[in-house]
Amino acid sequence: MCNQVYKDLLVSYLYDDINDMDRAKVDMHLRACEECRTEFNALRSVRVDLGSWAPPLPDLGFRIVRDAKAAQTKRASWRSWLTPAAGLAAAATLVLAAALSLARIEIHDGPDGFSVRTGVSASAPEAFDGSYAGARGVPARDVYLASDEGGVDLAGISRRIDALESALKHAPQSRNAATLNARASDEALIKRVHEMLAQSETRQQGELALRIGQVIRDFDNQRHVDLQAIQANFVRLGDNMTREAQLHTDLVNFVTNGAGKQK
Amino acid sequence: MASTDEELVARSIGGDLDSFNQLVLRWERPIYALAYRVIGREEDARDVCQETFLRAFRALGGFKGQAKFSSWLYRITLNLCRDWIRRERRQPLAQTPEGVDLVELAGEAEDTESIEELVARKEIGAAVAKAMALLPEEQRTAIVLKEYHGLTFQEIADMLDCPLSTVKTRLYQGLTVLRRQLERSNVTRLKDHHV
């Protein structure tokens, strides 16, 4: 390029990040200077090549979630004297009761053992510190935060954090309890299903026997009716044959008598 | 209607974690791409990307909206990339596959692209990655921000805390080096053959 000023202008021109006056200046220069025109075309070709370089597309799925353990430890230090233990327990019970009654509970058997997740927790990642499926169906990559990080307005969400803190304090026990309850509930459910299946089978067998008996009876009745009809037809046929034979006899007698008179 | 970055930032500052995670979802790919192109390593780029959002969340209270949220994220990412390069004291690694899997490539082909053109594009991309890895960090960063993220020269200058003319010079020098590198490789011949 002719000089440094033109180099800067050429780059601006190359990316079309240039004002009209400078663009006209470069246009004019490129028409006149073959060396700069060659260079410009070469740089434009490099830009085309750069378009071929694409980064890989990994499943990222980052998500910021609060670290429940850190939140519990840090806040416990200044809240333990502030909140009576009985109140804390009551709050935990209330929160857990509300969560269990309102949320859909999902139990997953993963490599880390059983985990319990509620429908509410799926949209509120700070509820539990487990991992969640990403919104786009890819494994989420959670980024854990202590709850006081980020300069967010803690005062505004203080009550919510209180409730969550209480819930999280009892989360492991609750989780185990929920898992055990779920197992017991599963066994009862399976037993109940077996009973219902057995009852259903018995009922179906009874209904089948009744239907078979009905079919047999219907068949016998129909057979009886058909036999009677056949019998009646035989009788009628016999009568017809008797009548025919009588007519034939009468005809023979008539012919015989007629022949005797002619003689 | 989707919320703007500014709206999501405001809600995030107010303590709404979901809003911040929407920002993460919106910007994770550009941030990852920036980190990958600057440091050239997939796993490290992923770590830089994650750290970027973590730092952004921590510093969210100090974000006054004096710049675009994306520019702010880019600046954090570039600082982390710079730290990584200094810490590792090594040039970016151009990670390119050893061979070309035609079956895998076929799935990536665009409608109007033949498999030969796709192979050529992949090879050009690999050559570009190698050539970019040879550039000084400043030139590489300027090219990445301009070429792949469409920032204006002024935005790049603000982000890198340098004069506008410096950005243009870095771009010019970087593109000139790339041109020489690509001409030396087989890519030019291959490209001329296919295009």
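This passage walks through a predicted model of two chains, A and B, from overall confidence to single residues.

The predictor scores the complex as a whole with an ipTM of 0.82 and a pTM of 0.55. Looking at the chains one by one, chain A has a mean pLDDT of 70, with 54% of its residues at 70 or more. Within chain A, helix α3 (residues 34-50) has the highest confidence, at a mean of 93, while helix α6 (residues 119-123) has the lowest, at 38. Across residues 99-139 of chain A the pLDDT is below 50, and the model gives this stretch 61 contacts beyond near neighbours in sequence. A second stretch of chain A, residues 172-180, also stays under 50 in pLDDT; here the model has 5 contacts beyond four places in sequence.

For chain B, the average pLDDT is 85, and 82% of the residues score at least 70. Among the elements of chain B, helix α7 (residues 137-147) has the highest mean pLDDT, 95, and helix α10 (residues 187-194) the lowest, 49. Over residues 189-195 of chain B the pLDDT is below 50, with 7 contacts in the model beyond near neighbours in sequence.

With confidence in mind, the layout of each chain can be followed. Chain A contains 8 helices and 4 strands, and these come in the order α-α-α-β-α-α-β-β-α-β-α-α along the sequence. Chain B, in turn, has 10 helices and 0 strands, giving the pattern α-α-α-α-α-α-α-α-α-α. Of the 263 residues in chain A, 17% are buried; in chain B, 36% of the 195 residues count as buried. Contacts across the sequence can be described in a similar way. When contacts between residues at least 6 apart in sequence are taken, 62% of those in chain A join residues at least 24 apart. The corresponding share in chain B is 64%.

The two chains meet through 35 residues of chain A and 44 residues of chain B. On the chain A side, α1 (4-14), α3, β1 (62-66) and β4 (141-145) each supply at least two residues. The most is given by α3(A), with 6 residues. By class, the residues of chain A that touch chain B comprise 20 nonpolar, 5 polar and 10 charged.

Two individual helices show how length and burial can be read from the model. Helix α2 (residues 20-32) of chain A has 13 residues and, at 1.5 Å a residue, should span 18 Å; its end C-alpha atoms lie 19 Å apart, so the two values agree. This α2(A) is hardly covered, with 0 buried residues among its 13. Helix α3 (residues 42-58) of chain B has 17 residues, and its expected span of 24 Å agrees with the 24 Å between its end C-alpha atoms. In α3(B), the buried residues are B:A45, B:R46, B:V48, B:C49, B:Q50, B:T52, B:F53, B:A56 and B:F57. As a reminder when reading such a list, an α-helix has 3.6 residues a turn, so residues three or four places apart point the same way.

Helix packing can be followed at the start of chain B. Two packed helices are described by the angle between their axes and the distance between the axes. Helix α1 (residues 5-13) and helix α2 (residues 17-39) of chain B pack at an angle of about 140°, their axes being 7 Å apart. The crossing of α1(B) past α2(B) is left-handed. From α1(B), the contact draws on B:D5, B:L8, B:V9, B:R11 and B:S12, and from α2(B) on B:S19, B:F20, B:Q22 and B:L23. Sorted by class, this contact of α1(B) with α2(B) has 4 nonpolar, 3 polar and 2 charged residues.

Finally, a backbone detail can be found in each chain. A:D16 has a phi near 55°, a positive value in a residue other than glycine. This residue, A:D16, sits in the loop between α1 and α2 of chain A. A:D16 counts as exposed because 7 other C-beta atoms lie within 10 Å, and the cut-off for exposure is 12 or fewer. In chain B, B:D161 is not a glycine, yet its phi is positive, at about 55°. B:D161 is found in the loop between α8 (153-160) and α9 (164-184) of chain B. With 8 other C-beta atoms within 10 Å, B:D161 is exposed.

Key: Residues are numbered from 1 along each chain as its sequence is written. Chains are lettered from A and ligands numbered from 1 in the order in which they are written. This is a predicted model: local features need pLDDT of at least 70, side-chain atom pairs count only at pLDDT 80 or more; totals for chains, interfaces and linings use all residues. pLDDT is the predictor's confidence in each residue, from 0 to 100. The expected span of a helix is 1.5 Å times one less than its number of residues. A residue is buried if 20 or more other C-beta atoms lie within 10 Å of its own, exposed if 12 or fewer, and partly exposed in between; C-beta atoms are placed from the backbone. Ala, Val, Leu, Ile, Met, Phe, Trp, Tyr, Cys and Pro count as nonpolar, Asp, Glu, Lys and Arg as charged, and the others, Gly among them, as polar. Axes are lines fitted to C-alpha atoms, for helices over the stretch in contact, and angles run from 0 to 180 degrees between N-to-C directions. A crossing is left-handed if the near helix is turned anticlockwise from the far one by less than a right angle, and right-handed if clockwise.
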